[in-house]
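I opened my notebook for this chain and wrote down what I looked up, entry by entry. Please have the viewer ready and follow along.

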Amino acid sequence: MWLSLSDGIHYSSQNPGNACRLNKAGGPLPVLNLLAMDKKGYRRGSFQSSTSDEDMVEVAGGTLDFSMVDDVPPLDREMAEDTGQAAANTANPLPIDLSRQRRQLGAAMADAQWERAGFSSYNGGGMNGSSKMMDFLEEPLPGVGTYEDFNTIDWVREKSRDRDRHREITNKSKESTWALIHSVSDAFSGWLLMLLIGLLAGAIAGLIDISAHWMTDLKEGVCLKGFWYNHEHCCWTSQETTFQDRDKCPEWRTWAQLLTGNQGGEALAYVLNYVMYILWALLFSLLAVLLVRGFAPYACGSGIPEIKTILSGFIIRGYLGKWTLLIKTMTLVLAVSSGLSLGKEGPLVHVACCCGNILCHLFTKYRKNEAKRREVLSAAAAAGVSVAFGAPIGGVLFSLEEVSYYFPLKTLWRSFFAALVAAFTLRSINPFGNSRLVLFYVEFHTPWHLLELVPFILLGIFGGLWGAFFIRSNIAWCRRRKTTKLGKYPVTEVIVVTAITAILAFPNEYTRMSTSELISELFNDCGLLDSSQLCEYVNDFNSTKGDDLPDRAAGPGVHRAMWLLSLALIFKVFITIFTFGMKVPSGLFIPSMAVGAIAGRLLGVGMEQLAYYHHDWGIFHSWCSQGADCITPGLYAMVGAAACLGGVTRMTVSLVVIMFELTGGLEYIVPLMAAAMTSKWVADAIGREGIYDAHIRLNGYPFLEAKEEFSHKTLAMDVMRPQRSDPALTVLTQDSMTVEDVEAIVNDTTYSGYPVVVSRESQRLVGFVLRRDLIISIESARKKQDGIVSSSVIYFTDHSPPLPPSSPSTLKLRSILDLSPFTVTDQTPMEIVVDIFRKLGLRQCLVTHNGKLLGIITKKDVLKHIAQMANQDPDSILFN
């Protein structure tokens, strides 16, 4: 069997017949027989090839190696037979079993024959003289293999690159001591990076906590012995502080006292403090929105929807950059201090991921590989939750359950280490002065009773209803912001919402304090030393046993606190809808927990009073006798907080772990699990999406949710482009297009890549080339390679036919060609196609019919099809 030299056709893994197809169960079904692979010149061992990026394809954990043996290009049997007549007329026929000839004739004679045949050495020598044909891409060009902004990475390609890099380092480590040291440092670099991320994330979190605490108190007054002290620290060392008035000391002055010098009545002091509170809140929020708008637009919002999208493989340039980190750190302090109904816990995940992304640039293997970088970002997200809640294990589970798209076992270990280091760093800083990582850490000692599961489940129902209501209302408001003139005035919106929040919040002491302090107050289990209104019960000290106080009758302070908390609940429910999504850093964890904690405390106090006045009822008689400590209202607040947070985010396992890490006790896991699952079931019954998924869909990000099942009976031919009425698919040919032709196609289209075929008539697939790589390669060739003009022919093959001396130089671009694009047939069910895109992280998949290229399916096409099947707007998907 012979092949004409003028054919210039090289077939290997790009042949659709050699593609690895998936069976209906989603498992790999290799079409190639391994024995046949060996006979055709394939091998399965390790290799070093001139094409480093596209030799390996990972399918469901298995690896197929389509590299060549020796320097012999494997030839497609069918194509060789089709071209047999042309081969017979060729003066210098090339036999298929060239490797045997080369062994018989010796290396020198074989190379001479190879050159006489018109081919260059397969290892990259020039063809027909280096002036006529050279692969200038043997040295990688800057930018080739990278991705444009707002595009999806190719996970298979990135993992293949990392395997090639690791294989090269392993092979070189056997050659010298220095190479061995380099190999060890490469293996250790991941752990060193986790250490640096944990240290930096913990330090920034401590700085944010201390600064936000001080600036929140600055709205109410200032410390005379040092303006940098917050209220609590200012009164710590005071000698004139009484136990009853331990929050009041001469060193701390309110703004009314400073402005009037203790002159005037209480009404004037109240008005002055009211006005100063509003002015400080407006100043903080104005600074925050101006800094975000002027320096880092990506610093606004929570950041978790975008982090989820980035971890799924999407590129958003600058979202995790140094300016975003700097501005988000500063504006997060300002936004929290302004008194807006938002938290810092969600944005801390964004801050930690910024730290991870910036530190990745210190290590080559993470800087140059997008897939490896996303493993680091998954661990950084765990560190962010660790410092936000003081919950290292909960942070790891949050990263696994909520934000990560690809989470191998190695990333689990490194996430745990990063979360551990971050929590240790924050604990060393001790930002709250109580040796705790969060302000609202509590410890409960009273056991709960089985009958209390009923009110806990009621709190779960409330959390689910609140979550569904909040998601629908907030998404409707954010959509209005995006589609109307409201979105053109972000500064005005922030100022108006801040003014309304401050005006309504100041009269109520439970909305005036920071949300973290409110949660701490609500979680608190009343003791003898508590002076809060929530603890103003009618005391009967004769019945006190040890440290536990019995259930007591509510005093006037408790009654007043219930009214104030009811008003605070209504205020928080509605103001949070308009606050989340504004152009300032805004987290949702703390506001959601506050709503649930208020509802839980109200229910807890109600249950406590019911048990006190009706302890002889059947439901209380067996376990709650008179004078016993039966009900813990703080526990109800904690369960309510978990229920509402679960209803909004749809977290389950990580939420329960975070909450019990906050309380320091394991005996309340069952109430938390009951409330979390109930809230998720109720919220899912109303709407399937959590708040972060809803914002991803609102922004049109190409996020393919792995938790949802695709059950529609459609085929790949129904989704692919082009359809029957569309123009023909834009393709490149492997050896018949000039530089001018390719540049015209690139300029006339906006596609991210182009299939490469043998010819327009045959439509047999060769590979796939990215638009960005094409542009960079052609521009570089015009500058660096002599003789490249518009009429130069571009070759995506290893070899090209001899050309007349007067013809322009040819351009060889085979090294940027993906020789193993994923293909499916036009009759493949879309449920299999969707699974392929989800599990392999593909950005496009080519569709063939009887081995010929028919169309293409991109990730955007899949998302649009899913939206169409769900009766949603398919045009809401904006990116690929």
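I start with a definition I need straight away: two strands count as paired if DSSP finds at least two bridges between them. With that in hand, I looked up Leu732 and found it opposite Val756 in S12. I also note that this is a predicted model.

**Entry 1: the chain as a whole**

I began with the overall tallies. The secondary structure comes to 33 helices and 18 strands. I then checked burial and found that 56% of the 880 residues count as buried. For the contacts, I took pairs of residues at least 6 apart in sequence, and 74% of these contacts join residues at least 24 apart.

**Entry 2: the sheet with S12 in it**

Back to the strand that Leu732 faces. I found an open sheet of three strands in the order S10-S12-S13, with mixed pairing. Strand S10 (732-733) and strand S13 (765-770) are at the edges with a single partner strand each, so each has one side without a neighbour in the sheet.

I went through the pairings next. S10 and S12 run parallel and are joined by two bridges. S12 (residues 753-757) and S13 run antiparallel, with five bridges between them. On that antiparallel side I picked out two positions: Val756 is opposite Gly767 in S13, and Val757 is opposite Leu765 in S13. Val756 also has Leu732 opposite it on the S10 side.

Which residues of S12 are buried on each side? I recalled that side chains in a regular strand alternate between the two faces of the sheet. For S12 I listed Gly753, Pro755 and Val757 on one side and Tyr754 and Val756 on the other, all of them buried. That agrees with the count for the strand, where five of its five residues are buried.

**Entry 3: the sheet with S17 in it**

I moved on to another open sheet of three strands, in the order S16-S17-S18 and again with mixed pairing. The edges here are strand S16 (823-825) and strand S18 (852-858); each has a single partner strand, so one side of each lacks a neighbour in the sheet. Ignoring direction, neighbouring strands of this sheet are turned by 35 degrees against each other on average.

S17 (residues 844-849) and S18 run antiparallel and share six bridges. I looked for what faces Val847 and found Gly855 in S18. I then looked for a helix on this sheet: H32 (residues 830-840) lies across S16, S17 and S18, and runs at about 65 degrees to S18.

**Entry 4: H19 against H22**

A pair of packed helices is described by the angle between their axes and the distance between the axes, and I looked up both. The axes of H19 (residues 490-505) and H22 (residues 556-579) come within 11 Å and cross at roughly 170 degrees. Angles over 145 degrees count as roughly antiparallel, and H19 and H22 are therefore roughly antiparallel to each other. The crossing of H19 past H22 is left-handed.

Which residues make this contact? From H19 I noted Glu493, Val497, Ile500, Thr501, Leu504 and Ala505, and from H22 Phe571, Ile575, Phe578 and Thr579. I sorted the residues of this contact into seven nonpolar, two polar and one charged.

**Entry 5: backbone oddities**

I scanned the backbone angles last. A cis peptide bond joins Arg721 and Pro722, with omega about 5 degrees. Pro722 is in the loop between helix H29 (716-719) and S10.

Next I looked at positive phi values. Asn430 is not a glycine, yet its phi is positive at about 55 degrees. Asn430 belongs to the loop between helix H17 (409-429) and helix H18 (453-483). Arg650 is not a glycine either, and has a positive phi of about 65 degrees. I placed Arg650 in the loop between helix H25 (633-649) and helix H26 (653-663).

Is Arg650 buried or exposed? Buried means under 20% relative accessible area, and Arg650 is at 7%, so Arg650 counts as buried. Asn430, with a relative accessible area of 24%, is partly exposed.

Methods: Residues are numbered from 1 along each chain as its sequence is written. This is a predicted model: local features need pLDDT of at least 70, side-chain atom pairs count only at pLDDT 80 or more; totals for chains, interfaces and linings use all residues. Side-chain values use heavy atoms; hydrogens and water are left out. Helices (H or I, at least four residues) and strands (E, at least two) are DSSP runs, numbered from the N terminus. Axes are lines fitted to C-alpha atoms, for helices over the stretch in contact, and angles run from 0 to 180 degrees between N-to-C directions. Angles under 35 degrees count as roughly parallel, over 145 as roughly antiparallel, 65 to 115 as roughly perpendicular and the rest as oblique. A crossing is left-handed if the near helix is turned anticlockwise from the far one by less than a right angle, and right-handed if clockwise. Contact means heavy atoms within 4.5 Å. Ala, Val, Leu, Ile, Met, Phe, Trp, Tyr, Cys and Pro count as nonpolar, Asp, Glu, Lys and Arg as charged, and the others, Gly among them, as polar. Buried means under 20% relative accessible area, exposed over 50%, partly exposed in between (1.4 Å probe, protein chains only).
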